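Let's take a walk through this protein together. Keep the structure open beside you and turn it as you read.

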Amino acid sequence: MRAEQLNLFAELAEPSPVEPWPSIRESLRARRVILTYSPRKGLELVIPTGFDRRRIPDILRTHTAWIQHKLQRPVQTAPLLPERITLPAHPTPNSRTEWTVLYQPSGSPPTWKERDGILLLNRGQDNPELCCVLLQKWLRSQAKACLDPWIHQLSRELGLPFAHLTIRSQQTRWGSCSRKGNINLNDKLLFLPTDVVRYVLIHELCHTVHLNHSAAFWKRVECHEPHYLYLKSQLKTLLDRIPAWVENSR
């Protein structure tokens, strides 16, 4: 299936209509188009009911880098568990960004502990699926501890208040902002460089004023981050920094 998907993906460069790939599912609850990938299901495009399917080729072209990254990633029979984890994104220079991971097959319920740069999981490497679940929960806690105060600080500095912050593991977005001013951030941001993450936070805060990508929106982004074009382009080149255990079974 992977080879067929790659061949079909090559057709996106052509102006002719794309075959029904990836699998397309209409949803009454969907308010926007969602592109997902899993080793079991492959690529799936969820669209709102009544969505104009003629727009699908352009949507896929927009996500070219992400699709290539997913389809060309080696398939692993079991997740590769890390011995070390590096999370470079942090607003303060003296914050811890590296951990040594130790696996200890004992304890119930499954938990983790942090001490002096060591992340101890009370599950052994003979249970990689459960280890991944623990690591993902730990990553979410790290993202909450890092991104929550960071975006609140930026909000005050830039005079761009927002309503509420949620940390998630999103497949196709680094962040989003609702009409009510609620901001969602991807916990995978912690694997990216600090200046790129700061741009994403500024980007979403600016959406509290302009809920679009109009000229006025980009002008406001540029006002707060003059190098936004370069940082925006970097987002498409950093996907390989996300390790396999982050996305296992999510």
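Let's begin in a loop: Glu225 lies in the stretch that links α6 to α7 (228-234). Keep in mind as you look that this is a predicted model. Is Glu225 buried or exposed? With a relative accessible area of 10%, Glu225 is buried, because buried means under 20%. Setting aside the residues within four places in sequence, Glu225 is in contact with Arg198, Ile202 and Leu231.

Two of those names lead straight to a helix pair, since Arg198 and Ile202 both belong to the α5 side of the contact between α5 and α6. Two packed helices are described by the angle between their axes and the distance between the axes. Here, the axes of α5 (residues 194-206) and α6 (residues 215-224) come within 10 Å and cross at roughly 135 degrees. That angle makes α5 oblique to α6, and the crossing is right-handed. On the α5 side you will find Arg198, Tyr199, Ile202, His203 and Cys206. They meet Phe217, Trp218, Arg220, Val221 and His224 of α6. Sorted by class, this contact has six nonpolar, two polar and two charged residues.

Now turn the model to see how α5 packs with another helix, α4 (residues 128-158). The axes of α4 and α5 also come within 10 Å, and they cross at roughly 60 degrees. How are α4 and α5 placed relative to each other? They are oblique, because angles under 35 degrees count as roughly parallel and those from 65 to 115 as roughly perpendicular. The crossing of α4 and α5 is right-handed. From α4, the residues in the contact are Leu147, Trp150, Ile151, Leu154, Ser155 and Leu158. Their partners in α5 are Thr194, Val197, Arg198, Leu201, Ile202 and Leu205. By class, this contact has nine nonpolar, two polar and one charged residues. Arg198 and Ile202 appear here, and they also take part in the contact with α6.

Helix α5 has another residue to look at, Val200. At 2% relative accessibility, Val200 counts as buried. Beyond its neighbours within four places in sequence, Val200 is in contact with Trp174, Leu189 and Leu235. Lys232 is 32 residues away from Val200 along the chain, yet their C-alpha atoms are separated by 8.2 Å.

A longer step in sequence takes you to Ala89, in the loop between β4 (84-86) and β5 (98-103). Ala89 also counts as buried, at 2% relative accessibility. Although Ala89 and Val197 are 108 residues apart in sequence, their C-alpha atoms are 6.8 Å apart in space. Val197 is one of the α5 residues that meet α4. Apart from residues up to four places away in sequence, Ala89 touches Cys146, Trp150, Leu189, Leu190, Leu192, Thr194 and Val197. Among these, Trp150 in α4 and Thr194 in α5 are part of the contact between those two helices.

What about the nonpolar core? The largest one has 65 residues, and those with the most contacts inside it are Leu135, Leu147 and Leu185. Helix α4 gives the largest share of this core, 13 residues. Which residues does Leu185 touch, not counting those up to four places away in sequence? They are Leu147, Ile151, Leu165, Thr166, Ile167, Arg168, Gln170, Trp174, Gly175, Leu201 and Glu204. Leu147 and Ile151 in α4 and Leu201 in α5 also belong to the contact between these helices.

For a contrast, find Asp116 in the loop between β6 (112-115) and β7 (118-121). Asp116 counts as exposed, at 70% relative accessibility. Most residues other than glycine have a negative phi. Asp116, however, has a positive phi, near 55 degrees.

Finally, step back to the whole protein. There are eight helices and 10 strands, and of the 250 residues, 43% count as buried. Among contacts between residues at least 6 apart in sequence, 49% join residues at least 24 apart. The pairing of Ala89 with Val197, 108 residues apart in sequence, is one you have already visited.

Methods
Residues are numbered from 1 along each chain as its sequence is written. This is a predicted model: local features need pLDDT of at least 70, side-chain atom pairs count only at pLDDT 80 or more; totals for chains, interfaces and linings use all residues. Side-chain values use heavy atoms; hydrogens and water are left out. Axes are lines fitted to C-alpha atoms, for helices over the stretch in contact, and angles run from 0 to 180 degrees between N-to-C directions. Helices (H or I, at least four residues) and strands (E, at least two) are DSSP runs, numbered from the N terminus. Angles under 35 degrees count as roughly parallel, over 145 as roughly antiparallel, 65 to 115 as roughly perpendicular and the rest as oblique. A crossing is left-handed if the near helix is turned anticlockwise from the far one by less than a right angle, and right-handed if clockwise. Contact means heavy atoms within 4.5 Å. Ala, Val, Leu, Ile, Met, Phe, Trp, Tyr, Cys and Pro count as nonpolar, Asp, Glu, Lys and Arg as charged, and the others, Gly among them, as polar. A nonpolar core is a set of buried Ala, Val, Leu, Ile, Met, Phe, Trp, Tyr and Cys residues joined through side-chain atoms within 4.5 Å. Buried means under 20% relative accessible area, exposed over 50%, partly exposed in between (1.4 Å probe, protein chains only).
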